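Please open the model in a viewer and keep the sequence panel at hand. The tour below proceeds by selection, and each stop states what is to be found there.

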Amino acid sequence: MSTMVERSFKYLDERLGTASLARKTLRKVFPDHWSFLLGEIALFALVVLIFTGTFLTFFYVPSIKETFYTHFDSYGSYGEGAHVSAAYNSVLRLSFEVRAGLLMRQTHHWAALVFVAAIVIHLCRVFFTGAFRRPRELNWLIGILLLFLALGEGFTGYSLPDDLLSGIGLRIFYAVTLAIPVIGTWATYLLFGGEFPAGDIISRLFVFHVMLLPALLLGLVGAHIAILVLQKHTQFPGHGRTERNVVGKRLWPEQTFKSVSLLLFVTAVLAFLGGIAQINPIWQYGPFEPFNVTSPAQPDWYIGFLD
């Protein structure tokens, strides 16, 4: 078996030069300051989002078709039963009937909050240390675009359960889109498929949330990391540090073990929060009805600036 592996590596090295590339990659040096881990925290939160989100898609139904929800256990039941949308019904059943469903939902939500927060703090570190300046302005713009994509991901995911709180958020979004000069009416009908509450909006948000925005996110994250590798990390001034070198730890083994440990720590913290810290209890809000409103109705913190 070992001989076969050695022959395989030799075959690839003779044709692709993988040995020299691997040596160069493993010798890459990373700055040792803690603030450079903020970008990694955002990346690892994204990893948790992908895995938990994949789990949730197996049970979520992106439809507002009316159905009847009943729960025979008093815990988590929505009254004696109610006419609700298929989307709201699937999220309730995911929360109360699927094993680890509520844990996955809440871990996914907490991971989204940490993901956006880590991006914001990471961008603040880059801005206030001047690390966005030439020749790194392209990567800075990619980072800003990643933030807006993360906000879009958060909003579309927040709107999918079709509960009363998310429905109010969609109503506000409908009004904001409609107020765009000149193209507002056409843009609103394109997104919603009709006047609010439109029947197509949940399925369209689902496509944005699980396909279009994640594809853009992953593509830009790949480009962000590739540019970072080509341009090297920035670093704080100090003895022996110049614009042409990086002082710190090599990728293997120090940085690898450090990053893997951070990945496990971030995953553990998010799973812990998902297990003990309740978030977005849609069974308390009830299904969305256009004539109802919750008080107070407020979005997650990263959308709150719109208020």
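In which loop does V182 lie? Select V182 in this predicted model: the residue lies in the loop between α7 (164-178) and α8 (184-192). Its phi is positive, about 70°, although V182 is not a glycine. With a relative accessibility of 72%, V182 counts as exposed, because the cut-off for that class is over 50%.

**Overview**

Next, display the whole chain as a cartoon. The chain has 11 helices and 4 strands. Of its 307 residues, buried ones make up 40%. Among the contacts with a separation of 6 or more, 74% are between residues 24 or more positions apart.

**Backbone exceptions**

Most residues other than glycine have a negative phi, and most peptide bonds are trans. Select A100, in the loop between α4 (86-96) and α5. A100 is not a glycine, yet its phi is positive, at about 65°. Its relative accessibility of 42% makes A100 partly exposed, because that class lies between 20% and 50%.

Move on to R134 and P135, which are joined by a cis peptide bond with omega of about 10°. P135 is placed in the loop between α5 (101-128) and α6 (137-159).

**Helix α3 against helix α10**

Colour helix α3 (residues 38-57) and helix α10 (residues 251-276) separately. The two helices pack with their axes 9 Å apart, at an angle of about 55°. They are therefore oblique to each other, because the angle falls neither under 35 degrees nor in the range of 65 to 115. The crossing in which α3 passes α10 is right-handed.

Now show the side chains between them. From α3, select E40, I41, F44, A45 and V48; these meet Q255, S259, L262, L263, V266, T267 and L270 of α10.

Remain on helix α3 and select L56, which is also placed there. L56 counts as buried, with a relative accessibility of 12%, because the cut-off is under 20%. Which residues is L56 in contact with, leaving aside its neighbours within four places in sequence? They are L94, G101, M104, R105 and H108. For the last of these, draw a distance between C-alpha atoms: L56 and H108 are 52 residues apart along the chain, and the separation is 8.9 Å.

**Aromatic rings**

Then show the side chains of Phe, Tyr and Trp. The structure holds 13 aromatic pairs. One of these is formed by F132 and W140, with 5.5 Å from centre to centre and 45° between the planes. The pair is tilted, because its angle is neither under 30 degrees nor over 60. How do the two partners fare in accessibility? F132 is partly exposed, at 25% relative accessibility, whereas W140 is buried, with a relative accessible area of 18%.

For a group of rings, select F155, F173, Y174, F192, F196 and F288, which form one aromatic cluster.

**A charge over a ring**

The tour ends at F36 and R125. Where does the charged end of R125 sit? It sits over the ring of F36, 4.3 Å from the ring centre.

Terms used. Residues are numbered from 1 along each chain as its sequence is written. This is a predicted model: local features need pLDDT of at least 70, side-chain atom pairs count only at pLDDT 80 or more; totals for chains, interfaces and linings use all residues. Side-chain values use heavy atoms; hydrogens and water are left out. Rings of Phe, Tyr and Trp (its six-membered ring) pair if their centres lie within 6.5 Å; planes under 30 degrees apart count as stacked, over 60 as edge-to-face and the rest as tilted. Buried means under 20% relative accessible area, exposed over 50%, partly exposed in between (1.4 Å probe, protein chains only). A charge sits over a ring if NZ of Lys or CZ of Arg is within 6 Å of the ring centre and within 35 degrees of the ring normal. Axes are lines fitted to C-alpha atoms, for helices over the stretch in contact, and angles run from 0 to 180 degrees between N-to-C directions. Angles under 35 degrees count as roughly parallel, over 145 as roughly antiparallel, 65 to 115 as roughly perpendicular and the rest as oblique. A crossing is left-handed if the near helix is turned anticlockwise from the far one by less than a right angle, and right-handed if clockwise. Contact means heavy atoms within 4.5 Å.
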